[in-house]
Each structure stands twice: as structure tokens, then as C-alpha cells.
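Here are my notes on the model you sent. They are set out as numbered points, to be read with the structure open.

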Amino acid sequence: MNSSYKHIPSLLNCFATQPESIVSRTLHSDAQSKVVLFGFATGQELSEHTAAVPATMHFLSGEAKVILGGEMVHAGPNTWIRMPANLPHAIIAQSNVTMLLTLFKAAGCTQPGDGADA
């Protein structure tokens, strides 16, 4: 078995959303990044908080309101959001939501305006 990679055929099948709760599963963690899969039941929310490192949120299924630095945006299936470190943000699930969070822990991560943005 090759241990240099990890293959997950379907992120949506990693776990089932639990009624009236938020569940999470860490898929990967090393010195450079941490990847966590979240499942939000309808109506569940993460109150406003910040992350000390840049992060991305990729909404795989469901509908949510996301508050980013005081601005509310809609997130549906296939929505992708990049956040700089320390941006206040919150998530309110309007239906069952599955979201992939990636935290970029290593120094030298791409920052806005450095020419590496796609």
C-alpha cells in the first residue's frame, strides 16, 4: 500500500449529518495544512470567529448564509470561499450542509496580490 497519498472516493459519503448538530472529521493534518469535513444540520450555526491562518471553505452540498467581515453571502453547492487570516466569519445552515474547510498553516502561503492568485 502506498502511504504517500490519501484517496477519498466521495466526500459526501464520509459521514451523515446528525440532527440538530454539527459534526466534523479531520481528513488531513500536517505542518502545512489541515483539512476538515463539516456536516451542519439545518438551522445550525457557527457563531462569528476568526482563524489565525488563511483558509478556504468549499460547500459541497446544501445552502448556507456565510458572514464574511460583516458582509453576508449565499453559499450553495460548489461555492468556494477564500479567507485571509483573522477575518471574522460565521456560518448559518439553511439546509443540511456539507463543507470542506482547508486551513493553510505554513509560512509563505499565497496572499492576495502576490501574483499566484488564479
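1. A term first. Two strands pair if DSSP finds at least two bridges between them. By that rule, strand S4 (residues 55-61) pairs with S9, in the antiparallel sense and over 6 bridges. One of these bridges sets His 58 against Leu 100 in S9.

2. Confidence. This is a predicted model. The mean pLDDT of the chain is 89. A value of 70 or more is reached by 88% of the residues. The weak stretch is residues 113-118, where pLDDT stays under 50. The model has 3 contacts for these residues beyond four places in sequence. Where pLDDT is low, predicted coordinates should not be read in detail.

3. Overall make-up. The chain has 9 strands and 0 helices. From the N terminus on, the elements run β-β-β-β-β-β-β-β-β. Of the contacts with a separation of 6 or more, 61% join residues 24 or more positions apart. Buried residues make up 32% of the 118 residues. The accessible surface comes to about 7000 Å², and carbon and sulfur atoms hold 53% of that surface.

4. The open sheet. Four strands form an open sheet in the order S3-S8-S5-S6, with antiparallel pairing. Its edges are strand S3 (45-49) and S6, each of which pairs on one side only. The twist averages 20° from one strand to the next. S3 pairs with strand S8 (residues 89-93) in the antiparallel sense over 3 bridges. Leu 46 stands opposite Ile 91 in S8.

5. Strand S9. Is strand S9 (residues 97-104) largely enclosed or open to the outside? Residues count as buried under 20% relative accessible area. In S9, 7 of the 8 residues are buried, so the strand is largely enclosed by the rest of the structure. Besides the pairing with S4 in point 1, S9 is joined to strand S2 (residues 33-40) by 8 bridges, and these two strands run antiparallel. Phe 40 has Val 97 in S9 as its bridge partner.

6. The cores. The largest nonpolar core holds 19 residues. Met 57, Phe 59 and Met 99 touch the most other members. Two or more residues come from each of S2, S4, strand S5 (64-68), S7, S8 and S9. The largest share, 4 residues, comes from S9. A second, separate core has 6 residues, among them Cys 14, Val 35, Leu 37 and Leu 100. In soluble globular proteins, nonpolar side chains tend to be buried together.

7. Met 99 in detail. Leaving out residues up to four places away in sequence, Met 99 touches Val 36, Leu 37, Phe 38 and Phe 40, among others. The list also includes Met 57, His 58, Phe 59, Leu 60 and Ile 91.

8. Asn 78. This residue lies in the loop between strand S6 (71-75) and strand S7 (79-83). Is Asn 78 buried or exposed? The cut-off for exposed is over 50%. With a relative accessible area of 61%, Asn 78 is therefore exposed. Beyond residues up to four places away in sequence, Asn 78 touches His 58, Phe 59 and Leu 60. Its C-alpha atom and that of Gly 62 are separated by 9.5 Å, with the two positions 16 residues apart along the chain counted as their spacing.

Key. Residues numbered from 1 in each chain as written. Predicted model: local features only at pLDDT ≥ 70, side-chain atom pairs only at ≥ 80, totals over all residues. Heavy atoms only, no water. pLDDT = per-residue confidence, 0-100. Contact = heavy atoms within 4.5 Å. Buried < 20%, exposed > 50% of the residue type's maximum accessible area, 1.4 Å probe, protein only. Axes fitted to C-alpha atoms, helices over the stretch in contact; angles between N-to-C directions. Areas by Shrake-Rupley, 256 points an atom, 1.4 Å probe, with all protein chains shown as cover. Core = buried A, V, L, I, M, F, W, Y, C linked by side-chain atoms within 4.5 Å.
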